[in-house]
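Here are a few exercises to work through with the model open beside you. Try each task before you read the solution.

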Amino acid sequence: MAKCEACFGTAEQEKKLKAVIEASQNTQGCLMHVLQEAQEIYGYLPMQVQKAIAEGLGISLSEVYGVVTFYSQFSLTPKGKYRISVCLGTACYVKGADKILEEIEKELEIKPGECTPDGLFSLDSCRCVGACGLAPVLMVNDEVFGKLSHDKVKYILDIYREDANK
């Protein structure tokens, strides 16, 4: 595979991406796997990475982009070290999840889909995490926090701020 002009990131990331593409080039239906691996490497799927995948697999950029934008597991924007997801499903919403989300937005000065300038936190909302009995719920990476009130938001964020400073 020739040097990809569209690639970016660290040399190590680029090397890993090339290896994934090369290992999958001759496998029919490999696009999802390659996209999942690329997102694992970069944390999201910027256009440069999508172009490299399209080139490497010999498919159109529009096909790659179509898959990336169809499946919610893929992200076009950078994610923070700590990915916050606030459940806005019915049980959580009825119990005040919208207020939790507002408090996080205020505390971090970002909106859903954004990442803090320091790369520490990103914020999203989701429809259900399957923990309705703990409503309202938020997740930080894979850790679930339930039975929340807006006054617990700063406490939870401070836990992760302290962890990042260790």
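Before we start, one term: a residue is buried when its relative accessible area is under 20%, exposed when over 50%, and partly exposed in between (1.4 Å probe, protein chains only). The model is a predicted one, so local features need pLDDT of at least 70 and side-chain atom pairs count only at pLDDT 80 or more, while totals for chains, interfaces and linings use all residues. Residues are numbered from 1 along each chain as its sequence is written, and side-chain values use heavy atoms, with hydrogens and water left out.

**Exercise 1. The overall layout**

Task: work out how many helices and strands the chain has, and in what pattern they follow each other.

Solution. Start with the rule for elements: helices (H or I, at least four residues) and strands (E, at least two) are DSSP runs, numbered from the N terminus. Counting that way gives seven helices and four strands. Walk along the sequence and you read α-α-α-α-β-α-α-β-β-β-α. For the dimensions, the C-alpha atoms fill a box of roughly 55 × 35 × 20 Å along the principal axes. The chain has 166 residues, and 42% of them count as buried. Last step, contacts (heavy atoms within 4.5 Å): of those with a separation of 6 or more, 59% are between residues 24 or more positions apart.

**Exercise 2. Helix α3**

Task: find which residues of helix α3 are buried, and what covers them.

Solution. Helix α3 runs over residues 47–57. Go through its accessibilities and you pick out Val49, Gln50, Ala52, Ile53, Ala54, Gly56 and Leu57 as buried. Next, look at what sits over them: the cover includes α1 (11–24), α2 and α4 (61–70). Finally, step past the end of the helix, where glycine 58 has a positive phi, near 70°.

**Exercise 3. Salt bridges**

Task: take the pairs lysine 18 with glutamate 14 and aspartate 158 with lysine 154, and say how far apart the closest N and O atoms are in each.

Solution. The criterion is a side-chain nitrogen of Lys or Arg within 4 Å of a carboxyl oxygen of Asp or Glu. Across the whole structure, that search turns up seven salt bridges.

- Lysine 18 and glutamate 14 come out at 3.5 Å. They are four residues apart in helix α1, so about one helical turn separates them. Lysine 18 is buried at 19% relative accessibility, and glutamate 14 is buried at 12%.
- Aspartate 158 and lysine 154 come out at 3.0 Å. These two are also separated by about one helical turn, because they lie four residues apart in helix α7. Aspartate 158 is partly exposed at 23%, and so is lysine 154 at 42%.

The helix geometry is worth recalling here: an α-helix has 3.6 residues a turn, so residues three or four places apart point the same way.

Now widen the view around helix α7: Glu107, Lys154, Asp158 and Arg161 are linked in a network of salt bridges. For another pair, try lysine 99 and aspartate 98, whose side chains meet at 3.9 Å, N to O. Lysine 99 is partly exposed, with a relative accessible area of 47%.

**Exercise 4. A charge without a partner**

Task: locate glutamate 103 and find its nearest side chain of opposite charge.

Solution. Glutamate 103 belongs to helix α6 (residues 97–108). For charge, Lys and Arg count as positive and Asp and Glu as negative, with His and the chain ends not counted. The nearest opposite charge is lysine 106, 4.1 Å away, and glutamate 103 is buried with no salt bridge. Leaving out residues up to four places away in sequence, glutamate 103 touches His150 and Val153.

**Exercise 5. The cavity**

Task: say which residues line the largest cavity, and which helix gives the largest share.

Solution. On a 1 Å grid over the protein atoms alone, a cavity is a set of points where a 1.4 Å probe fits but cannot get out, and lining residues have an atom within 4 Å of a point. The lining is Ile84, Ile104, Leu138, Val153, Ile156 and Leu157. Three residues, the largest share, come from helix α7 (residues 153–164). Val153, then, turns up both in this lining and as a contact of glutamate 103.

Key:
On a 1 Å grid over the protein atoms alone, a cavity is a set of points where a 1.4 Å probe fits but cannot get out, and a pocket is an open set with protein on both sides within 12 Å along at least five of seven lines; lining residues have an atom within 4 Å of a point.
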